[in-house]
Amino acid sequence: MGKFSKSGGREMPELNTASMPDLVFAILFFFMVTTTMRSETLMVRLKLPAATEIQKLEKKSLVTYINIGPAMDAKYGTGTQMQLNDKFAQVEDIQDYIAQEKASLNEADQQLMTVSIKADEDTRMRYISDVKQALRKAYALKISYSARKAEN
């Protein structure tokens with residue numbers, strides 16, 4: 001039987017790091033392409049229910065969000081608040097908001113603009129109906145709504 005012995009003459013080969021910058025830039029580029037930036041700071045609390053059906057949006061850049069729910073900070077009140085972009089608003093402000101959002105789009109994309117209402121599950125349906133009526137008056141043709149009491 002042979003005897004195992006350590007040979008002291010072997011050295012560990014050096015690690016080749018020549019391709020390391022290429023890998024770092026490839027990973028950096030991947031994260032830059034796949035990451036989306038948040039367009040607005042959420043100021044209302046949303047407890048969204050589980051989805052029952054999904055509708056795929058063609059262009060997410062054409063979606064305008066209206067967030068409805070209680071304010072995250074008590075200094076803004078305890079009732080239901082509506083957030084348009086980064087500020088609180090009233091139902092009466094919706095027409096001006098939609099007109100401003102449409103004006104920022106080119107003419108071909110104005111017909112494809114979608115308004116998405118994200119509402120807390122405890123928001124009264126009366127408030128949602130008022131928002132939808134204001135959107136109809138503002139000629140917002142596509143309206144999607146996502147809020148429903150979660151079923152147990």
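I take a strand to be a DSSP run of at least two residues labelled E, numbered from the N terminus. By that reading, I place Thr64 in strand E1. I note at the outset that this is a predicted model.

**Entry: Thr64**

I looked up the cover on Thr64. Its relative accessible area is 5%. Buried means under 20%, so I enter Thr64 as buried. I then listed its contacts, leaving aside neighbours within four places in sequence. They are Tyr97, Glu101, Met113, Thr114, Val115 and Ser116.

**Entry: overall layout**

I read 4 helices and 5 strands in the protein chain. Along the sequence I get the order α-β-β-β-α-α-β-α-β. The chain has 152 residues, and I find 28% of them buried. For contacts with a separation of 6 or more, I find that 71% are between residues 24 or more positions apart. I have the accessible surface at about 12,300 Å², with carbon and sulfur atoms holding 54% of that area.

**Entry: strand pairing**

Which way do E1 and E4 run relative to each other, parallel or antiparallel? I find them parallel, paired over 6 bridges. As a check on the register, I see Tyr65 opposite Ser116 in E4.

I then took E1 with E2, which pair in the antiparallel sense over 5 bridges. Here I find Ile66 standing opposite Leu84 in E2.

On to E3, residues 87-89. I count 3 bridges between E2 and E3, and this pair runs antiparallel. Leu84 has Lys87 as its bridge partner in E3. I also logged E2 and E3 as a hairpin with 2 residues between them. In that turn, I read a positive phi of about 55 degrees at Asn85.

**Entry: enclosed strands**

Why do I call E2 largely enclosed by the rest of the structure? I do so because 4 of the 5 residues of E2 are buried. I applied the reasoning to E4 as well: 5 of its 6 residues are buried, so I also enter E4 as largely enclosed by the rest of the structure. I keep in mind that side chains in a regular strand alternate between the two faces of the sheet.

**Entry: nonpolar core**

I looked for the largest nonpolar core and found 21 residues in it. Those with the most contacts inside it are Ile66, Ile68, Met82, Ile94, Ile98, Val131 and Leu135. I traced the elements that each supply at least two residues of this core: strand E1 (63-70), strand E2 (80-84), helix H2 (94-103), strand E4 (114-119) and helix H4 (125-137). Which of the elements gives the most to this core? I find that H4 does, with 5 residues.

I followed Ile94 further. Leaving aside its neighbours within four places in sequence, I find Ile94 in contact with Met82, Val131, Ala134 and Leu135.

**Entry: surface patch**

I turned to the outside of the model. I find a nonpolar patch on the surface formed by Phe25, Leu28 and Met32. Together these residues have about 350 Å² of accessible area. I located Phe25 in helix H1, residues 20-34. Is Phe25 buried or exposed? I read its relative accessibility as 57%. The cut-off for exposed is over 50%, so Phe25 goes down as exposed.

Note on methods
Residues are numbered from 1 along each chain as its sequence is written. This is a predicted model: local features need pLDDT of at least 70, side-chain atom pairs count only at pLDDT 80 or more; totals for chains, interfaces and linings use all residues. Side-chain values use heavy atoms; hydrogens and water are left out. Buried means under 20% relative accessible area, exposed over 50%, partly exposed in between (1.4 Å probe, protein chains only). Contact means heavy atoms within 4.5 Å. Accessible areas come from the Shrake-Rupley method with a 1.4 Å probe; for residues, only the protein chains shown count as cover. Patches are made of residues with over 30% relative accessible area and no salt bridge: like charges are joined within 9 Å, nonpolar side chains (Val, Leu, Ile, Met, Phe, Trp, Tyr) within 5 Å. A salt bridge is a side-chain nitrogen of Lys or Arg within 4 Å of a carboxyl oxygen of Asp or Glu. A nonpolar core is a set of buried Ala, Val, Leu, Ile, Met, Phe, Trp, Tyr and Cys residues joined through side-chain atoms within 4.5 Å. Two strands pair if DSSP finds at least two bridges between them.
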